[in-house]
Amino acid sequence: MVMMNKRLSPQMETEFSAFLEIYPAYVETTILDELRANEYERLDRLGHVYLDFTGGGMYSSRQLQQHFDRLKESVFGNPHSNNPTSLAMTELVESARAYVLEYFNASADEYDAIFTLNASGALKLVGESYPFGPGGRYLLTFDNHNSVNGIREFARTKGAKIIYVPAIPPTMHVDRSQLIMQLEHSRPDQNNLFAFPAQSNFTGVQYPLEMIAEARALGWDVLLDAAAYVSTNPFDLSQWKPDFVAISFYKMFGYPSGVGCLLMRRQMLSKIKRPWFAGGTIQIASVQGDGHYLVEGPAAFEDGTVDYLNLPAVEDGLRHIANVGIDVIHERVHCLTGWLLDNLNQLHHSNGKALVEIHGPLDMIGRGGTIAFNFVDVKGAGFDIRQIEHLANEEMISLRAGCFCNPGAAEMAYHLSKSEIGAFFKDTRGMSFDELRSRIRTTYDKEYGATRISVGLSSNFADAFAFLQFAQGFLNKSIQDVGVFKAPPESRAWMHDSA
Ligand SMILES: Cc1ncc(COP(=O)(O)O)c(C=O)c1O
């Protein structure tokens, strides 16, 4: 029996039956309805429609229970020592590390799991340690999170050439021919790093993982940003072999935040060079001897004390996903995203104009559970994304507005040329995200910024249905009818673009 949450209505029941006709595999995911009712019941009890899984995942009450019971019933100290409380903690930290490798099917001979603060921390480790240099290249897709874009500053400082490969609107898939051309034009005697996301956090596009082997065969080292991918897709490191993989665990299972991971091929150890040392990363160091010896293995990259009390919860979270089955989560996300795309695409004002402009694939081929779009008014102008977010807030729908720290995808989606966008980066006093949006609107009469919804482990049909009803509320409305959001003067939330 497929269970649904308490927002059930006769209309929803009818729609649900129609949904099951088109997406019959959804019934194979009912274990997630049981979990929703038992371990994620707070969502319905508190009336939330959570559609921001690309921003952050949801933790189950059992994960918390397990973790806090462990903390309550034991005595733990800082690892890296030989006393009983330290040894107990070290054992759990190393167990979590081993399970990270096991979860991603990575051989411990081939990969190291380095704990970081988050995916950005993992990406920064690569950026600061990779031996960029004159003659070498940093190649990346336009569609990347800013924490991947930011690596270009390390590359630039060390004299490497920075090259971006565009995506092609409206599907926003990468331009494969340009990519191959760039991959073929490297100097194999130099250090060349290619970075791309397994799944775009803007459009939900999934990049072909085959690009990893293609690039490596041409002498490139490959950095895969898997932060938006691994929460709803299986990922097997015995099949795909990037040199570096960046992950944030809260995106996979909600708790804990503040822990991420860099999975690194061990062969890279002889290639990369840490630019500094810190407590925890060295065997010994001397002030007068002016030297240090790094420890061997992942600890050489874990600066200071790791978030040791939270690391056992990473293993709990991964085991939780493994028990549920990542294929089950994937299937549910596939069905709900497919249904949302089908239905959002069908919404038209009575004058025939489409209500929704989706940035990215309109079907489920080569995409995941993230949908970015603009609502377009009855006269063809984009609704204010801040107002959409504000109205969603009033319905307790959590979605996200902005460019999601992915300016390259936005520049492609909104057809902004190098000179158009470049004009705003000559200002020495800086600019907030909303100021940029407003200046793009006044200068080029273009909307910049989207609404984004994303589904995941604890999503159900009722969530998707609630959002569709919300969307239908904009039919036959103009911007004037819906209004433009005025941020309260004390608010700083609109200053920057996020996740
Ligand atoms: C694709 C992608 N990469 C990297 C990040 C950065 O993750 P974090 O903020 O956890 O460091 C995000 C965050 O949303 C993301 O979606």
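Is the crossing of α5 and α12 left-handed or right-handed? Keep that in mind as you open the viewer, and remember throughout that this is a predicted model.

**Stop 1: a pair of helices**

Select helix α5, residues 84–103, together with helix α12, residues 311–324. Their axes come within 8 Å and cross at roughly 30 degrees. Angles under 35 degrees count as roughly parallel, and α5 and α12 are therefore roughly parallel to each other. As for the opening question, the crossing of α5 and α12 is left-handed. To see who makes the contact, show side chains on both helices: α5 brings Leu-92, Val-93, Ser-95, Ala-96, Tyr-99, Val-100 and Tyr-103, while α12 answers with Leu-311, Pro-312, Val-314, Glu-315, Leu-318 and Ala-322.

**Stop 2: strand β7 and its neighbours**

Next, select β7, residues 192–197. Is this strand mostly covered or mostly open? It is mostly covered, with six of its six residues buried. A useful reminder before you colour the side chains: in a regular strand they alternate between the two faces of the sheet. Here, Asn-192, Phe-194 and Phe-196 lie on one side of β7, and Leu-193, Ala-195 and Pro-197 on the other. Both faces are covered.

Now add the partners of β7. Strand β3, residues 137–141, runs parallel to β7 and is joined to it by four bridges. To find one spot along this pairing, label Leu-139, whose bridge partner in β7 is Phe-194. Then bring in strand β8, residues 221–225, which also pairs with β7 in the parallel sense, over five bridges. Here the residue to label is Phe-196, whose bridge partner in β8 is Leu-224.

Before you leave, select helix α10, residues 210–217. Together, β7, α10 and β8 make a right-handed β-α-β unit.

**Stop 3: an antiparallel sheet**

Move on to a sheet of four strands, in the order β13-β14-β17-β16. The sheet is open and its pairing is antiparallel. Which strands stand at the edges? They are β13 (356–359) and β16; each has a single partner strand, so one side of each is left without a neighbour in the sheet. Rotate the view and look for the twist: neighbouring strands are turned by 35 degrees against each other on average, direction ignored.

Zoom in on β17, residues 450–454. Why is this strand largely enclosed by the rest of the structure? Five of its five residues are buried, so the surroundings largely enclose it. From β17, Ala-450, Arg-452 and Ser-454 point one way, whereas Thr-451 and Ile-453 point the other way.

Two strands pair with β17 here. With β14, residues 370–375, the pairing is antiparallel and has four bridges. Follow it by selecting Thr-370, which has Ser-454 of β17 as its bridge partner, and then Ala-372, which has Arg-452. With β16, residues 400–402, β17 pairs over three bridges, again in the antiparallel sense. Label Ala-401 there and you will find it opposite Thr-451 of β17.

**Stop 4: backbone details in the loops**

Finish with some loops. Most residues other than glycine have a negative phi, and most peptide bonds are trans. The next selections depart from that pattern.

- Select Pro-169 and Pro-170: the peptide bond between them is cis, with omega near 5 degrees. Pro-170 sits in the loop between β5 (167–168) and β6 (173–174).
- Select Tyr-255 and Pro-256: here too the peptide bond is cis, and omega is near 0 degrees. Look for Pro-256 in the loop between α11 (249–253) and β10 (260–265).
- Select His-415: phi is near 50 degrees, a positive value in a residue other than glycine. This histidine lies in the loop between α15 (407–413) and α16 (418–422). A residue is exposed if 12 or fewer other C-beta atoms lie within 10 Å of its own; His-415 has 10, so it is exposed.
- Select Asn-476: phi is near 65 degrees, also positive in a residue other than glycine. Find Asn-476 in the loop between α18 (461–472) and α19 (479–482). With 13 other C-beta atoms within 10 Å, Asn-476 is partly exposed.

Methods. Residues are numbered from 1 along each chain as its sequence is written. This is a predicted model: local features need pLDDT of at least 70, side-chain atom pairs count only at pLDDT 80 or more; totals for chains, interfaces and linings use all residues. A residue is buried if 20 or more other C-beta atoms lie within 10 Å of its own, exposed if 12 or fewer, and partly exposed in between; C-beta atoms are placed from the backbone. Two strands pair if DSSP finds at least two bridges between them. A crossover is right-handed if, with the strands pointing away from the viewer, the path from the first strand over the helix to the second runs clockwise. Axes are lines fitted to C-alpha atoms, for helices over the stretch in contact, and angles run from 0 to 180 degrees between N-to-C directions. Angles under 35 degrees count as roughly parallel, over 145 as roughly antiparallel, 65 to 115 as roughly perpendicular and the rest as oblique. A crossing is left-handed if the near helix is turned anticlockwise from the far one by less than a right angle, and right-handed if clockwise. Two residues are in contact if their C-beta atoms, placed from the backbone, lie within 7 Å.
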